Amino acid sequence: MTVLERRDRSELGICALLAVLGVLVLVDAVNIPTDFAQRGPVGPKAVPVVVGVLLVVVAVLLARDVLRGGRGEAEGGEDVDLSAPSDWRTVLLLSAAFLANAALIGVVGFPISGAILFWGAAYALGSRAFVRDPLIAAAMSILTFVLFDSLLGVPLPGGPLMEVF
């Protein structure tokens, strides 16, 4: 098999990955412990089984298409200069903001760590409004906290601001 033939069949790796993932989901779904009294008419296995079956079906259909000569189209991008180097500064700043959020959320709570995340993302992506951005980040973080904690019932760590809300 030549290099060109292998390159044309490289999408079969994605097919294999999808098939393995689908089988894993199906095996885990079948092994979910359920009691007839615990479940309703559908049960907890229904969605994982549907997802696993769909993953396997997509893997088979994609493999069939690749073996018949189908190929994925290379992404052109709208305003992307494919010859330009990667912007590692932005990637590293976004990663730092995310890691700071993950490290601080248990200590200072979601409203503060979320504000750091939102402000850090805005800064990393080029915004330099040093008064406006932190205010918007704080408002978004508090709004997100209230929506998740109060309306959706998903408890987020409040940190020192827990008594405020």
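**Exercise 1. Find the residue that follows helix H5 and give the sign of its phi.**

Solution. Gly126 follows H5. Its phi is positive, near 110 degrees. Helices here are DSSP runs (H or I, at least four residues), numbered from the N terminus. This is a predicted model, where local features need pLDDT of at least 70, side-chain atom pairs count only at pLDDT 80 or more, and totals for chains, interfaces and linings use all residues. Residues are numbered from 1 along each chain as its sequence is written, and side-chain values use heavy atoms, with hydrogens and water left out.

**Exercise 2. Check the span of helix H5.**

Solution. Step one: H5 covers residues 110–124, which is 15 residues. Step two: the expected span is 1.5 Å times one less than the number of residues, so H5 should span 21 Å. Step three: the end C-alpha atoms are 20 Å apart, which agrees.

**Exercise 3. Describe the ring cluster of Trp119, Tyr123 and Phe130.**

Solution. Step one: rings of Phe, Tyr and Trp (its six-membered ring) pair if their centres lie within 6.5 Å; planes under 30 degrees apart count as stacked, over 60 as edge-to-face and the rest as tilted. The whole structure has 2 aromatic pairs. Step two: Trp119 and Tyr123 are stacked, 5.5 Å centre to centre, with 25 degrees between the planes. They lie 4 residues apart in H5, so about one helical turn separates them. Step three: Tyr123 and Phe130 are tilted, at 6.4 Å and 40 degrees. Ring pairs thus link Trp119, Tyr123 and Phe130 into a cluster.

Note on methods
Helix = DSSP H or I, 4+ residues; strand = E, 2+ residues; numbered from the N terminus.
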